[in-house]
Amino acid sequence: MKNLGFGMMRLPELEDGSVDVELTKKMVDEYLKRGFTYFDTAWMYCNGTSENVVKEAIMDRYPRDAFTLTTKLPAYMLKTEADRDKIFNEQRRKTGAEFFDYYLLHDVNAGTLKTFDRLNCFDWIKEKKEQGLIKTMGFSFHDGPELLDEILTKHPDMEIVQLQINYLDWESSGVQSRKCYEVARKHGKRVLIMEPVKGGTLANVPAQVEEMFKEHDPSMSVASWAIRFAAGLDGIMMVLSGMSNMEQMLDNLSYMEDFKPLTDEEVKMVHVAADMINGNITIPCTGCEYCIVNCPMKINIPKCFALYNADKRETSGSEWTAQMGYYQTMLTTSGNPSDCVKCGACEAMCPQHLHIRDYLEDVAAHFAE
């Protein structure tokens with residue numbers, strides 16, 4: 001199976017904001033014609049219409065053995081155990097699928113894990129596999145490596161893990177791509193990668209980064225460096241790309257059809273690129289965590305700053321970014337920046353002598369918007 005997945009979260013749109021189904025069909029045709037087969041959707045994608053588009057653009061037009069399909073169980077819709085089957089059966093109706101090749105618990109983190117555990121969703125997903133309604137089971141994850149290790153230790157029968165991995169988040173103290181990847185591999189899990197281009201951010205890099213890439217290989221797009229970095233990691237089952245027009249798809253197919261991973265030299269270059277992009281960070285926090293020790297409100301200050309910096313670099317005009325999700329997840333286990341009591345204990349501990357109290361105001365205001 002070729003390892004470029006068609007992410008159906010950012011499909012082409014018409015002027016009214018609805019999905020351009022006819023263009024999506026053409027993209028599906030091209031994708032399948034080139035030998036790629038993996039489609040990834042979820043309940044809330046495209047304002048709740050992505051699963052319906054799957055039926056119209058794929059399921060109704062191709063034999064079931066011509067492609068593989070993934071969708072996910074959303075925690076925010078679960079109130080009772082009965083909701084699990086209710087949602088699952090509705091997803092089968094919306095997509096037209098009798099079974100799902102891959103099925104994931106969606107966006108597992110410290111907050112949603114409480115819901116998934118309370119409603120026995122890990123046992124439920126195993127039952128669906130035993131019934132033949134799911135071929136492969138797992139979960140998508142947006143949290144830290146410690147929690148991931150805990151979940152995989154408790155649920156070793158989970159087969160796949162979907163992680164946010166890209167070269168900019170590789171060493172990020174907010175997303176911690178590398179550490180989460182290493183935990184998944186330690187447990188022997190195959191990894192699905194989401195956000196390899198970070199919502200388009202790594203397709204629109206600073207001029208000096210683009211110049212470095214183009215000088216090395218003018219035939220390769222800027223975005224290709226991000227996707228090839230992710231796809232070249234060991235144990236990667238699939239790299240998802242949210243392709244929102246035919247040009248993006250054709251570009252991705254051009255180098256993923258006969259995939260060649262980055263050379264050692266090129267891997268070093270993307271890490272240099274990450275440093276260059278991070279050189280424009282808004283808050284120069286090093287993530288030492290000295291500031292956390294005496295914080296009376298238990299605010300995870302370094303993680304707040306890391307997510308804020310990442311979000312300030314995000315593609316302009318984005319209505320949703322991954323950092324927003326990570327920020328909300330963080331608030332389930334740590335203090336809110338808006339609750340800062342201005343005691344100054346953090347600033348007294350900061351080796352960088354940052355005006356942390358002022359920065360926390362900026363963070364709170366930014367994410368409140």
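This passage describes a surface patch, a pocket, two backbone angles and several salt bridges in a predicted model.

On the surface, Tyr290, Val293 and Met349 together make a nonpolar patch of about 290 Å². Tyrosine 290 is placed in the loop that runs between helix H12 (264-278) and helix H13 (301-313), and, with a relative accessibility of 45%, tyrosine 290 counts as partly exposed.

The two helices that flank this loop also take part in the second largest pocket, since H12 and H13 each supply at least two residues of its lining. The space in this pocket comes to about 400 Å³, and its lining consists of 22 residues, among which Glu171, Ser172, Ser173, Asn278 and Ile281 lie nearest the centre. Helix H13 gives the largest share of the lining, namely six residues. When the lining of the second largest pocket is divided by class, 11 residues are nonpolar, seven are polar and four are charged.

Turning to the backbone, most residues other than glycine have a negative phi. Asparagine 47, in contrast, has a positive phi, near 55°; this residue belongs to helix H2, which covers residues 45-48, and is exposed, its relative accessible area being 75%. A positive phi of about 55° is also found at aspartate 107, which is not a glycine either. Aspartate 107 is part of strand S4 (residues 100-108) and, at 26% relative accessibility, counts as partly exposed.

Among charged side chains, the count of salt bridges comes to 24. One of them joins glutamate 22 and lysine 25, with a distance of 3.3 Å from N to O. Because these two residues, glutamate 22 and lysine 25, are three residues apart in helix H1 (residues 21-33), about one helical turn separates them. Glutamate 22 is partly exposed at a relative accessible area of 48%, whereas lysine 25, at 16%, is buried.

A salt bridge also links arginine 84 with glutamate 81, their closest N and O atoms lying 3.7 Å apart. Here arginine 84 counts as buried, with 11% relative accessibility, while glutamate 81 is partly exposed, with a relative accessible area of 37%. In a further salt bridge, the side chains of lysine 260 and aspartate 258 meet at 3.0 Å, N to O; lysine 260 is exposed, with a relative accessible area of 53%, and aspartate 258 likewise counts as exposed, at 56% relative accessibility. Elsewhere, Glu30, Lys33, Arg34 and Glu257 are joined into one network by salt bridges that share partners.

How values were computed
Residues numbered from 1 in each chain as written. Predicted model: local features only at pLDDT ≥ 70, side-chain atom pairs only at ≥ 80, totals over all residues. Heavy atoms only, no water. Patch = residues over 30% accessible without salt bridge, like charges linked within 9 Å, V, L, I, M, F, W, Y side chains within 5 Å. Areas by Shrake-Rupley, 256 points an atom, 1.4 Å probe, with all protein chains shown as cover. Salt bridge = Lys/Arg side-chain N within 4 Å of Asp/Glu carboxyl O. Helix = DSSP H or I, 4+ residues; strand = E, 2+ residues; numbered from the N terminus. Buried < 20%, exposed > 50% of the residue type's maximum accessible area, 1.4 Å probe, protein only. 1 Å grid on protein atoms, 1.4 Å probe; cavity = no way out; pocket = protein on both sides within 12 Å on 5 of 7 lines; lining within 4 Å. Points joined across faces, edges and corners; volume = space filled by probe spheres on them. Nonpolar A, V, L, I, M, F, W, Y, C, P; charged D, E, K, R; others polar.
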